[in-house]
Amino acid sequence: SKSMIKIFKKFNPGSQEIINFYKERKKAKKRYLWTQDDFIKANKNSKKGEEFIKKMSRNLNKKILYASHALSDAVHQKGINYIFEDFYHQLEETLQYVQNKDSNNYWIFRAHPSSKLYGEDKIFKKLAKKYKKHNIFFCPSDVPIKKLYDICDLVVTGMGTAGIEFICEGKEAILTGASEYTSRNLTPYFAKNKFQYFNFLNKINNIKKPNKNRVKLAKKLLYFFESGYFLKHSNTTKYISFDNQKDEKKYHKIAVYGFTQNLNSYLKLSSELLKENVIKSNFFNKILKII
């Protein structure tokens, strides 16, 4: 939005500050405002994951990561155009494309870290049985995204954070939906329709790496979102500081974090809070004061 661009123009951290932020973020030990716990979850490791990375690393073919969204997620939640009906639609049509038209590049299809919560692992297992080809691979659970940065040449996704993260790593991103970071300067491979999307896939071997200026812009923009600068300086967004009191902590957990925690514990906490008088809580009253 125009208001967001105005705020970003005022965001001027030093080069070393951006470098330090990016190095610290890649450790995946600290939560940030924009991605919350998602990046930490996306970097969980496992023995199967390590074996998968070693296996893929040995192959010299060009590798393309398909970073799927959670298939149950609301694809049109932001009121923007998305060129597919939903995330599953894009996933299967891309698999069909590789099955029929690409036999040279290695395609790695990775489920979103939140997919387990919705039981979507069963869907991916069915797709793995349906699309059997020498260059189609499905990631096992807990393959760190930052290790996939290293072995993959490019990412294909909807509008996920993986797009900007790959550009930060000097790798290109093909997108099919508008995100907070999509722009003419940063994401030239943002497909506006299906024809353009599959045209990008047809010419995928001719796509060059982003230049240094785009990589710098991506890192600065990622820092802009993760630091919460845009929230603190927006006229339309009110920033509430919550205390660590027991009352506020539990309401804040429900309101902000949602399904990033264990589903059973989330539902249990929701059930407990519904029995309470929400109107008398400090959490509710702080929100009421800014409306």
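Modeller: Before we start, a helix here is a DSSP run of H or I with at least four residues, and helices are numbered from the N terminus. Please keep in mind that this model is predicted.

Biologist: Thanks! With that in hand, where is Lys122 placed?
Modeller: Let's use the residue ranges. Helix 6 covers residues 121–130. Lys122 has its place in helix 6.

Biologist: Is Lys122 buried or exposed?
Modeller: A residue counts as exposed when its relative accessible area is over 50%. Lys122 has 60% relative accessibility, so it counts as exposed.

Biologist: Which element gives the largest share of the positive patch?
Modeller: The patch on the surface is made of Lys48, Lys122, Lys125, Lys126, Lys129 and Lys132. Four residues of this positive patch come from one element, and that is the largest share. The element is helix 6.

Biologist: Now for negative charges. Which side chain of opposite charge is nearest to Asp102?
Modeller: Asp102 sits in the loop between helix 5 (87–101) and strand 2 (106–110). It is buried but has no salt bridge. A salt bridge needs a side-chain nitrogen of Lys or Arg within 4 Å of a carboxyl oxygen of Asp or Glu. At 6.3 Å, the nearest side chain of opposite charge is Lys133.

Biologist: Which residues does Asp102 contact, leaving aside its neighbours within four places in sequence?
Modeller: Contact means heavy atoms within 4.5 Å. With those sequence neighbours left out, the contacts of Asp102 are Tyr97, Trp107, Lys133 and Asn135.

Biologist: How many salt bridges are there in the count?
Modeller: One of them joins Asp37 and Arg31, whose closest N and O atoms are 2.8 Å apart. Another brings together the side chains of Glu93 and Lys194, at 2.9 Å from N to O. By the rule for salt bridges, the count comes to eight.

Biologist: Arg25 and Glu165 also form a salt bridge. How many residues apart are they?
Modeller: Their side chains meet at 2.9 Å, N to O. The pair links distant parts of the chain, with Arg25 in helix 2 (residues 15–26) and Glu165 in helix 8 (residues 161–168). Their separation in residues is 140.

Biologist: Is Arg25 buried or exposed?
Modeller: Buried means under 20% relative accessible area. Its partner Glu165 has 5% relative accessibility and so counts as buried. Arg25 has a relative accessible area of 2%, so the word for it is buried.

Biologist: Which residue is linked with Arg25 and Glu165 in a network of salt bridges?
Modeller: We have already met the salt bridge between Arg25 and Glu165. The network contains both of these residues and one further name, Glu226.

Biologist: Back to Glu93 and Lys194. Which helix holds Lys194?
Modeller: The side chains of Glu93 and Lys194 meet in a salt bridge. This pair also links distant parts of the chain, 101 residues apart. Glu93 is in helix 5, while Lys194 is in helix 9.

Biologist: Let's finish with the whole chain. What percentage of its residues count as buried?
Modeller: The protein chain has 14 helices and five strands. It exposes about 16600 Å², with carbon and sulfur atoms supplying 51% of that area. Of its 291 residues, the share that counts as buried is 46%.

Terms used: Residues are numbered from 1 along each chain as its sequence is written. This is a predicted model: local features need pLDDT of at least 70, side-chain atom pairs count only at pLDDT 80 or more; totals for chains, interfaces and linings use all residues. Side-chain values use heavy atoms; hydrogens and water are left out. Patches are made of residues with over 30% relative accessible area and no salt bridge: like charges are joined within 9 Å, nonpolar side chains (Val, Leu, Ile, Met, Phe, Trp, Tyr) within 5 Å. Accessible areas come from the Shrake-Rupley method with a 1.4 Å probe; for residues, only the protein chains shown count as cover. Lys and Arg count as positive and Asp and Glu as negative; His and the chain ends are not counted. The place of a charge is taken as NZ of Lys, CZ of Arg, CG of Asp or CD of Glu. Helices (H or I, at least four residues) and strands (E, at least two) are DSSP runs, numbered from the N terminus. Buried means under 20% relative accessible area, exposed over 50%, partly exposed in between (1.4 Å probe, protein chains only).
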